[in-house]
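Me: Please take a close look at the largest pocket of this protein and describe what lines that space. A comparison with any enclosed space in the interior would also be welcome.

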Amino acid sequence: MGRAILVIEDEAVLGKNIRIYLERSGYDVRVAASAEDGLALLDVFKPDGVILDFNLPGLNGLEALTRVRAFDSGIPVIMITGHGTVELAVEAMKSGARDFLTKPVALGKLKLLIDKAFDEKQRDSALDYYHRREADATDLASLFGDSAPMVGLKNTLRQLLDAESQLQDTDAPAVLVLGETGTGKELVARALHFNGPRRDKPFVELNCASIPAQLLESELFGYERGAFTDARERKLGLVETAEGGTLFLDEIGDMDLSLQAKLLKLLEEKTVRRIGSLRDQRVNVRIVAATHRPMETLVREGSFRADLYFRLCVFQLSLPPLRERGADILSLARHFVALHAARYGKNPPVLTPEAEALLLAHCWPGNVRELRNVLEQAVLLATGPEIDVSQLALSTGVTVPSVPHAVPESAPAAPAASSAPLTLEDMERRALLDALRQTGWNVSRAARVLGISRDTLRYRIDKFGLTVTNL
């Protein structure tokens with residue numbers, strides 16, 4: 001039999017007709033002539049849905065509805081009555097009824113309401129499952145790495161989440177996540193949401209670089225019917241969709257200037273106005289933005305509003321590039337090998353020492369995303385129990401991007417060629433540039449080449465104001 005339906009109806013003929021009609025559609029149906037009899041069947045029959053009359057001997061329908069909801073609040077209840085009034089319908093809905101019908105009952109309509117209730121319940125259960133699975137996958141433990149930069153990042157995230165748990169209002173601070181392409185900025189944004197007080201509300205993401213500027217406004221803020229030629233009906237924007245939760249704006253540095261003013265208003269006033277509307281609506285949305293672009297440079301050039309930049313970076317997080325994470329490269333590599341091997345139904349191969357050495361020596365311009373893709377191809381190409389150097393398709397000739405927020409505002413130009421003897425500082429600067437050029441701006445490897453510590457090398461990089469452009 002199909003799903004179980006409990007019918008509590010004191011009119012014997014109507015109860016029988018409902019039972020026969022629903023049984024023909026595959027439902028398992030029981031009929032009780034009173035609320036007391038029906039409530040006694042709850043624990044025995046364990047119905048998936050209840051059809052409940054209001055006018056019953058003994059307990060009336062509203063009292064029975066309260067008890068059904070106390071037994072299991074997830075059971076959809078459809079109330080029917082021969083004396084329907086607006087007041088009664090409102091009271092039934094407030095008490096938790098799924099729908100309300102007046103007699104005479106059209107059996108076809110009753111079945112449609114039951115089918116709809118079960119479809120919505122199944123969809124809600126599926127959405128809840130995927131929401132919980134996504135939340136489990138974005139725990140702070142999912143931020144792989146035990147290197148000093150990653151430990152520092154996770155500690156900072158914990159501090160922020162602890163502070164938010166004590167927040168006395170709903171105005172969570174905006175967060176700006178900086179980092180090169182492929183470092184995992186979206187993963188950090190999800191960790192902020194799913195480990196914070198907004199975890200049960202929506203997480204909505206939008207890549208500002210993937211949508212043309214003229215369409216981005218309607219995606220973000222929505223529009224009213226008739227606002228423009230193709231606006232045939234009202235459309236809610238992503239800001240309203242994220243109510244109570246988090247709106248993640250990836251690649252915020254690519255947002256058009258005209259749209260930046262509306263985003264600033266959202267951040268400052270917590271209001272949104274659909275295109276074509278005359279009214280502002282209050283919203284409760286936490287903004288997390290991310291970019292790989294040098295924001296301070298964009299502000300100086302006039303392509304990004306300074307007031308919006310300072311409003312976004314109330315709290316700023318900087319993700320370390322993979323080349324600065326040392327042994328994390330190998331732990332991530334082993335994780336990706338196991339992950340891809342499971343996906344393709346293979347036994348996970350082992351990286352040879354030579355392959356591991358090559359992974360550590362690579363500059364990783366694409367960061368974690370590049371590592372993941374390289375290891376997926378390697379797992380597919382592996383025909384034996386090992387992955388060797390020949391199966392690692394590493395990129396060559398790709399310039400290592402600079403970290404935008406770490407680049408000094410200005411750097412002295414390289415000394416012009418001269419026949420005069422080089423000073424000690426000139427020779428030191430040239431040695432630094434040669435080592436950095438050979439290693440693709442990999443600070444750790446360059447330090448080993450020069451025979452100095454990484455901290456010493458960083459000090460000298462800052463001292464001479466070196467950037468990738470000097471190379």
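Reply: Among the elements around the largest pocket, α7 provides the largest share of the lining, namely five residues. The model is a predicted one, and the pocket described here was computed from it. Helix α7 spans 185-194, and the other elements that give two or more residues to this lining are α6 (148-165), α13 (328-343) and α15 (367-381). In total, 27 residues line the largest pocket. Those that lie nearest its centre are Thr183, Gly184, Lys185, Leu187 and Val368. The space in this pocket amounts to about 690 Å³. Sorted by class, its lining consists of 12 nonpolar, seven polar and eight charged residues.

The enclosed space can be described in the same terms. One cavity of 30 Å³ or more is counted in the model. The largest cavity holds about 50 Å³ of space. Two elements give two or more residues to its lining: the strand β3 (49-53) and the helix α5 (107-137). The residues that line this cavity are Ile5, Gly49, Val50, Ile51, Pro76, Ile78, Ile114, Ala117 and Phe118. By class, eight residues of the cavity lining are nonpolar and one is polar, while none is charged. The polar one is Gly49, because Gly is counted among the polar residues here.

Set side by side, the lining of the largest pocket includes eight charged residues, whereas that of the largest cavity has no charged residues.

How values were computed: Residues are numbered from 1 along each chain as its sequence is written. This is a predicted model: local features need pLDDT of at least 70, side-chain atom pairs count only at pLDDT 80 or more; totals for chains, interfaces and linings use all residues. Side-chain values use heavy atoms; hydrogens and water are left out. On a 1 Å grid over the protein atoms alone, a cavity is a set of points where a 1.4 Å probe fits but cannot get out, and a pocket is an open set with protein on both sides within 12 Å along at least five of seven lines; lining residues have an atom within 4 Å of a point. Grid points are joined across faces, edges and corners, and a volume is the space filled by probe spheres set on the points. Helices (H or I, at least four residues) and strands (E, at least two) are DSSP runs, numbered from the N terminus.
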